[in-house]
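Colleague: Please take a close look at a single part of this model, the place where aromatic rings pair. Tell me what is found there and what lies around it.

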Amino acid sequence: RWQKIFMIPLWSKMAVFWNKMFLTIIVLLIVLFLDAVREVRKYSAVHVNEKAANVNTNAFDHIQMKLFRSQRNLYLSGFSLFLWLVLRRTVTLLTQLAKGMASHAALEMQVNDATEAAKKYMAENERLQEALSEKGSSKKKESAEATDEKLKKEVEHLKAELQMTSDALHKANNEVTAVKKQSEGLKREYDHLMKEYERLQVGSSGWLYEHDV
């Protein structure tokens, strides 16, 4: 399904600019994250100084609000940066998986064709051997033996090709399995991070509610 989606002409046109767009957004998110870190450090220091100086309540609440906003921006930019990297990795794994499945199907077709060709040559070899047993002429026997030897070589060659194709198919199966395992691990990590993000959001909302009270 994902392979069909990625084969849409619109995606093929966007793929040319995908790396540039990805790097641009990464740089933007990194800048936002660093700015949020700077704001958190700035207002944390001001918060400590204002608390120690026992300033009026309005000024202290204003500093608290600034600190909360900077922490919120830090969480949002940090998780956005990480999830954007996860999205890039997910798209890469899906693309590799689609290519692996396509090569797997092509190798299966090659194996089936090689098997059918080998069966055909073996059947012709058997028919020639039966013809040799019926004809007693030495000249014809020599010609038939030469043909039989040629067919044996061709059968051996086809067997070798079949073995190589089978090895390639086994390798492709291993690659597809490895990509699937990476995709499953990435999905589990993504679910864990989303739960952690929800927990942090709930914790931040509870902190704000306690401060308002």
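Modeller: Two rings of Phe, Tyr or Trp form a pair if their centres lie within 6.5 Å, and planes under 30 degrees apart count as stacked. The model is a predicted one. A search of the whole structure gives one aromatic pair. The partners are Phe 22 and Trp 84: the ring centres are 6.1 Å apart and the planes stand at 20 degrees, so the pair is stacked. Phe 22 belongs to helix α2 (residues 9-53) and Trp 84 to helix α3 (residues 57-134), so the pair ties together parts that are 62 residues apart in sequence.

Next comes accessibility, where under 20% means buried. Phe 22 has a relative accessibility of 11% and therefore counts as buried. Trp 84, at 17%, counts as buried too. Phe 22 has a further neighbour: the charged end of Arg 88 sits over its ring, 4.4 Å from the centre.

Helix α3 also holds Val 91. With a relative accessible area of 26%, Val 91 is partly exposed. Its C-alpha atom is separated by 9.9 Å from that of Ser 183, although the two residues are 92 apart along the chain.

Ser 183 also helps to line the second largest pocket, along with residues including Leu 83, Leu 87, Thr 90 and Tyr 190. That pocket has a volume of about 200 Å³. Helices α3 and α4 (138-212) each supply at least two residues of its lining. By class, the lining has six nonpolar, two polar and two charged residues.

Key
Residues are numbered from 1 along each chain as its sequence is written. This is a predicted model: local features need pLDDT of at least 70, side-chain atom pairs count only at pLDDT 80 or more; totals for chains, interfaces and linings use all residues. Side-chain values use heavy atoms; hydrogens and water are left out. Rings of Phe, Tyr and Trp (its six-membered ring) pair if their centres lie within 6.5 Å; planes under 30 degrees apart count as stacked, over 60 as edge-to-face and the rest as tilted. Helices (H or I, at least four residues) and strands (E, at least two) are DSSP runs, numbered from the N terminus. Buried means under 20% relative accessible area, exposed over 50%, partly exposed in between (1.4 Å probe, protein chains only). A charge sits over a ring if NZ of Lys or CZ of Arg is within 6 Å of the ring centre and within 35 degrees of the ring normal. On a 1 Å grid over the protein atoms alone, a cavity is a set of points where a 1.4 Å probe fits but cannot get out, and a pocket is an open set with protein on both sides within 12 Å along at least five of seven lines; lining residues have an atom within 4 Å of a point. Grid points are joined across faces, edges and corners, and a volume is the space filled by probe spheres set on the points. Ala, Val, Leu, Ile, Met, Phe, Trp, Tyr, Cys and Pro count as nonpolar, Asp, Glu, Lys and Arg as charged, and the others, Gly among them, as polar.
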